Amino acid sequence: MVNQVTLSGQVVTEISLRQSKAGVPVSDFRIKHKTRRMPNPLFIDVEVWGAEAERVAEYVTRGDRIIVAKGELRCDMWEKDGQKRSKIKITAGRIILVRDMPYKSEDHESGEAEETSF
Amino acid sequence: MASSNFVFLRGRLIRSEIKTVKSGKKVAALTVAYGREASSLFIDVDLWLNDSKLEGLLPKVAEKKGYVLVKGELRQDKWEAKDGTKRSRIKILADDVSISYSVYNNKNAENSSTTSSSAPTPAPKKTKKPVPPPVVDDEDDEDTGFDAEVDEDDIPF
């Protein structure tokens, strides 16, 4: 069975942490992925299970940029008003937190004008 | 930020429609089914066709619900429904779709042809038809989904 997803994006919801019926920690949140080539941004729900879910709940917050790794596409189905609905989401095995290296403020200001000389 | 968006999926091709857009380019609108019935995933796949061979093959594969291997990236379509509600659908924009034969499947096909003596050509093995795809119209409101029930047995790790 082949079902692999890797997706980078920004967390746009709070990170929720709950327990499954079997007592396994589950964390879910939504991310936004956008590139210049894409006509509209992609919003997709991500679900993480087990110890990784606890790690996510501890370290990741809304607005953080992450890479969803070891992901798998899944489909949730439910009925609403007698109509079958479905939603595609990602179950991820690993979440990688992406951080920018901070600029020193003076470097950043002077850097932009003089950068071309390097 | 370096961005990444990569999908690799192998599943049964259950729909294949070739469309021609205004510019004359051809696009294949596919639906791929992955997994067992209880936890099936149905996802739409768009593929720009530059290969006439694939164009001929895809409908045949779809007819037999054969396996395809899809490589591409995730995209989201948005539109407004007739009742004015906003709808969205997650799909794959494929850059490569290949026909993928299953070893087990071929074995089954052989078995079926030997047992049904009447058919000279091995008839395509009638496997259990995948359940018809549900109406895929995710409502794009921020609340749904998180409360949805998840069967523990479906979790792969």
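Reading chain B from its N terminus, the elements go β-β-β-α-β-β-α-β. That makes two helices and six strands, and keep in mind that the whole thing is a predicted model. Of the 157 residues in chain B, 22% are buried. Take the contacts in chain B between residues at least 6 apart in sequence, and 53% of them join residues at least 24 apart.

**Strand 1 of chain B and its partners**

A good place to start is strand 1 of chain B, residues 5-20. Here is how it pairs, with one example of opposite residues for each partner.

| Partner of strand 1 of chain B | Bridges | Sense | Example pair |
|---|---|---|---|
| Strand 1 (residues 3-11) of chain A | five | antiparallel | Gln4(A) and Phe8(B) |
| Strand 2 (residues 26-34) of chain B | eight | antiparallel | Lys19(B) and Val27(B) |
| Strand 4 of chain B | six | antiparallel | Phe8(B) and Lys71(B) |

Phe8(B) turns up twice there: it stands opposite Gln4(A) and also opposite Lys71(B) in strand 4 of chain B. The pairing across the two chains has another example in Leu7(A), whose bridge partner is Asn5(B).

Strands 1 and 2 of chain B also form a hairpin, with five residues between the strands. Within that hairpin, Gly24(B) has a positive phi near 95°.

**Where the chains touch**

Chain B puts 33 residues into the contact, and chain A puts in 41. On the chain B side, the elements giving two or more residues are strand 1, strand 3 (41-49) and strand 4 (67-80). Strand 1 gives the most, with six residues. Sorted by class, the side of chain B that touches chain A has 21 nonpolar, six polar and six charged residues.

**The nonpolar core**

What about the inside? The largest nonpolar core has 47 residues, and the members that touch the most others are Val68(A), Val32(B) and Val45(B). Strand 4 (residues 42-49) of chain A gives the most to this core, with six residues. In soluble globular proteins, nonpolar side chains tend to be buried together.

Which residues does Val45(B) contact, once its neighbours within four places in sequence are set aside? They are Leu30(B), Val32(B), Val70(B), Lys91(B), Ile92(B), Ala94(B) and Val97(B). Val32(B) is thus on that contact list as well as being one of the core members with the most touches.

**Helix 1 of chain B**

Now for helix 1 of chain B, residues 52-63, where Leu58(B), Val61(B) and Ala62(B) are buried. Looking down the axis of helix 1, these buried residues fall within an arc of 95°, so they line one face of the helix. An α-helix has 3.6 residues a turn, so residues three or four places apart point the same way.

On the other side of helix 1 of chain B, the exposed residues are Ser52(B), Lys53(B), Gly56(B), Lys60(B) and Glu63(B).

What do the buried residues of helix 1 of chain B pack against? Strand 1, strand 2, strand 4 and strand 5 (86-99) of chain B. Strand 1 and strand 4 of chain B are also among the elements on the side that touches chain A. Just after helix 1 of chain B comes Lys65(B), with a positive phi of about 55°.

How values were computed
Residues are numbered from 1 along each chain as its sequence is written. Chains are lettered from A and ligands numbered from 1 in the order in which they are written. This is a predicted model: local features need pLDDT of at least 70, side-chain atom pairs count only at pLDDT 80 or more; totals for chains, interfaces and linings use all residues. Helices (H or I, at least four residues) and strands (E, at least two) are DSSP runs, numbered from the N terminus. A residue is buried if 20 or more other C-beta atoms lie within 10 Å of its own, exposed if 12 or fewer, and partly exposed in between; C-beta atoms are placed from the backbone. Two residues are in contact if their C-beta atoms, placed from the backbone, lie within 7 Å. Ala, Val, Leu, Ile, Met, Phe, Trp, Tyr, Cys and Pro count as nonpolar, Asp, Glu, Lys and Arg as charged, and the others, Gly among them, as polar. Two strands pair if DSSP finds at least two bridges between them. A nonpolar core is a set of buried Ala, Val, Leu, Ile, Met, Phe, Trp, Tyr and Cys residues joined through C-beta atoms within 7 Å. The arc is that of the directions from the helix axis to the C-beta atoms.
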